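Thank you all for coming. I would like to take a few minutes to walk through one model, beginning with a single strand and then stepping back to the chain that holds it.

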Amino acid sequence: MNDAAAAIGLEIGVPVANARAICPDIEVFEANVAADAQALAHIADWCDRFTPLVALDPPYGLFLDISGCTHLFGGEDRMLALVCASLTRQGFAVNAAIAGTPACARALTRAVRSRIVPEGREAAAVEHLPVFALGAEDAVTRGLRRAGLKTIGDVASREMREIAARFGKAFTDMLQEVLGQCDAPISPRRPPPDFMAERHFPEPVATEETIAATVSGLAQKLVVAMERQGKGARRLEASFFRVDGAVRTIAVDAGQPVTHAGLIDRLFRERFDALADPLDPGFGFDLIRLSASRVDAVVQEQRDLDARSQDNDEMAALIDRLAARLGGQRIIIYLPQDTHIPEHAVLAMPAQTHLSKALSAQWPQRCENEPPLRPLRMFERPEEIKVPAASVPDGPPSRFTWRRATHAVVHAEGPERIAMEWWKNETSTFTRDYFRVEDTEGLRFWIYRDGLYESELSDDKGEHIDPKWFLHGVFA
Amino acid sequence: MTGARMSTLASLRDAIRHLEAQTLPQQVERVALGHAGVDSTLQGGLLRGALHEVFATETRQSASATGFAAGMVQRLSNYRPMLWVQQDFAESEAGALSMSGFAELGLDPCRLVLVRVPNAETALKVTADGLACDALGAVVCELWGEMKTFDLTASRRLTLAAQSSGVSCVMLCTSSQPAASTAETRWVVRAARSLSGSAWSAWGEPMLDAELVRNRHGQRGRWIMEWNCDERIFREPAAHSQPLVAAPADRPHPTPAPAGGSVTHLRRVG
């Protein structure tokens, strides 16, 4: 509620009819809870510039853990003034307070505009505040008033056990937090990064060169900080804080811990080039931050003389670059799976995370002196083919139609019978009889009949159903 | 000597070095494919660190062309990892590259990294990046349909990248007609029929009908080749490339192994 509304005597919780009586030309809107929550999240994003530890206090509040950050903004009072002034300029009405415990600060914001409470003076600061500032449930607040406890000081003057007996332990816990007698941690929206480097600009920057130069400068700083602890970054995030409050975060992943500033720089360059929705500086960025949100210890390995491990590093670097441009899911390696279902025999995994596993994977040995038993190209979804009635019920077809072309079978081998994994108890599917067939042109196909004759291919009355045939792959 | 003269001299030396680099035979490394006729036409085999093109003019020939390209890459890559760049559309049209099938051809799926790309431009960019990384043995770039983007400039860029790093590049083009390029060799591959005459008999190794339609340093030709999955080389098709009597596929061995007797090699199926 803003000052103008307060001046004419409106209050939160007043019925619309009463509000109309006070101010006849008032306009009424439905509350949009989702939009409010979104606006709060945007403000929280913006507040990331002050501290990495920002927590939501829905519906209207934010907690900022500013331990150790205040000196960056010239002290607590200046920081508080800066936060309030910036948010007011963005069009929000702000109440803010700095106190030793989050609950105390929250109680203060409900009653005063801005206040800084020195360490240990929480109880004195909230003494004269009305009880609603505690933010307890309505029933509790009403109960306190009815008991004649008008201010927080009144409540605090009673014995804790009396209060606990009347209003429950949760309430006394909260009271103690407000009085600064115990502290509960806030739960930040995202975990604080392990390492971060940032740069504030007195004058907003907007040109591509400055941004790129800033990112590589920050990468240098970050690498130095990580090196001191023997760490390398696996996930890096660059956050761009725009003057108008919008925040854009761009992340890159690396398969191996990154320890070189040049590499970080290169990964971000790839990412920027490939952004579908390019970085929009608007009126410029006034803060750019680079943080390592996931780090791994760097193991210094002795290099082999055959330079194979160096090759692997080069591969990993190439994969990281491609992944930064195309997305990690597009760079794939394959791992063998212990199953005989053809489509599940191979697992595709992102190469960034599974490269070393793939290089040492044990693939089943092929049989010597055998032609290939599996096709080189396999369709993700087997394609249905038209087959005239087979001369032998269980045998391969003599001709079939695939993609509107008819193929006459010259050679055929099979069946290779593959039963589905009934023990996994998924949707019951038929047993497949696979045939390897060659047509007159020399094309070789892998086709199967879905279902066994007689046992599986009959309806409830025992009538025979025509089997369906599918083409699953093509041999080289 | 004055500074200006020194720099003139240096630039002249540079120019001479540049001219020599073009005319002097570079260190060429050729890899035999294994088929005698092909290798003699290619004067020893395929050139490593160069651009080769494999075409399947029709979609249904895609698997044969893929097999030929895979065999080429196996010969060229020298047991180093390979990058396979694949356009998304190729996967849905011609089927995904199956690692089981890859292993059945005698190739090693461990060394393959697949990159799925949405379009041909990206495919060419990724291929150029891969060619710059000399930890790789070869890069395969699989394109689909008529190639507007793969023009002379693009192929020249890939050729230069392959030359400077020594990584071989194989373009696998399906459903398209060859266009002007700087490729070292260009092949049009189709499936070839198996040799065995009687119907219902098993076939042998993969048979390919490979036509060499472009060869920068020699003649062209057309051969029927067989890929030998065990020795991992191409061969002339042998008259009896397979055992005369195939072992029964789906039945247990007729005579049970005597107790303490020999170990019978059974054919693996499924």
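**One strand, two partners**

Let me start where the chains meet: two bridges join strand β11 of chain A to strand β5 of chain B, residues 96–97, and the two strands run antiparallel. Please keep in mind throughout that this is a predicted model. Within that pairing, A:Met378 stands opposite B:Ala96 in β5(B).

Strand β11 of chain A, which covers residues 377–385, also has a partner in its own chain, since five bridges join it to strand β16 of chain A, residues 468–474, and this pairing is antiparallel as well. Here A:Ile385 has A:Trp469 of β16(A) as its bridge partner.

Now to chain A as a whole, which has 14 helices and 16 strands. Its radius of gyration is 34 Å, well over the 23 Å that the globule rule gives for 476 residues, and chain A is therefore more spread out than a compact globule. Along its principal axes, the C-alpha trace spans about 95 × 70 × 50 Å.

How much of chain A counts as buried? The figure is 43% of its 476 residues. If we take the contacts in chain A between residues at least 6 apart in sequence, 56% of them join residues at least 24 apart.

Finally, the surface and the charges: the accessible surface of chain A comes to about 26,400 Å², with 50% of it belonging to carbon and sulfur atoms. Chain A carries 54 positive and 69 negative side chains, and the centres of these two sets lie 3 Å apart.

Key. Residues are numbered from 1 along each chain as its sequence is written. Chains are lettered from A and ligands numbered from 1 in the order in which they are written. This is a predicted model: local features need pLDDT of at least 70, side-chain atom pairs count only at pLDDT 80 or more; totals for chains, interfaces and linings use all residues. Side-chain values use heavy atoms; hydrogens and water are left out. Two strands pair if DSSP finds at least two bridges between them. Helices (H or I, at least four residues) and strands (E, at least two) are DSSP runs, numbered from the N terminus. The radius of gyration is taken over C-alpha atoms; the globule rule is 2.2 Å times the number of residues to the power 0.38. Buried means under 20% relative accessible area, exposed over 50%, partly exposed in between (1.4 Å probe, protein chains only). Contact means heavy atoms within 4.5 Å. Accessible areas come from the Shrake-Rupley method with a 1.4 Å probe; for residues, only the protein chains shown count as cover. Lys and Arg count as positive and Asp and Glu as negative; His and the chain ends are not counted. The place of a charge is taken as NZ of Lys, CZ of Arg, CG of Asp or CD of Glu.
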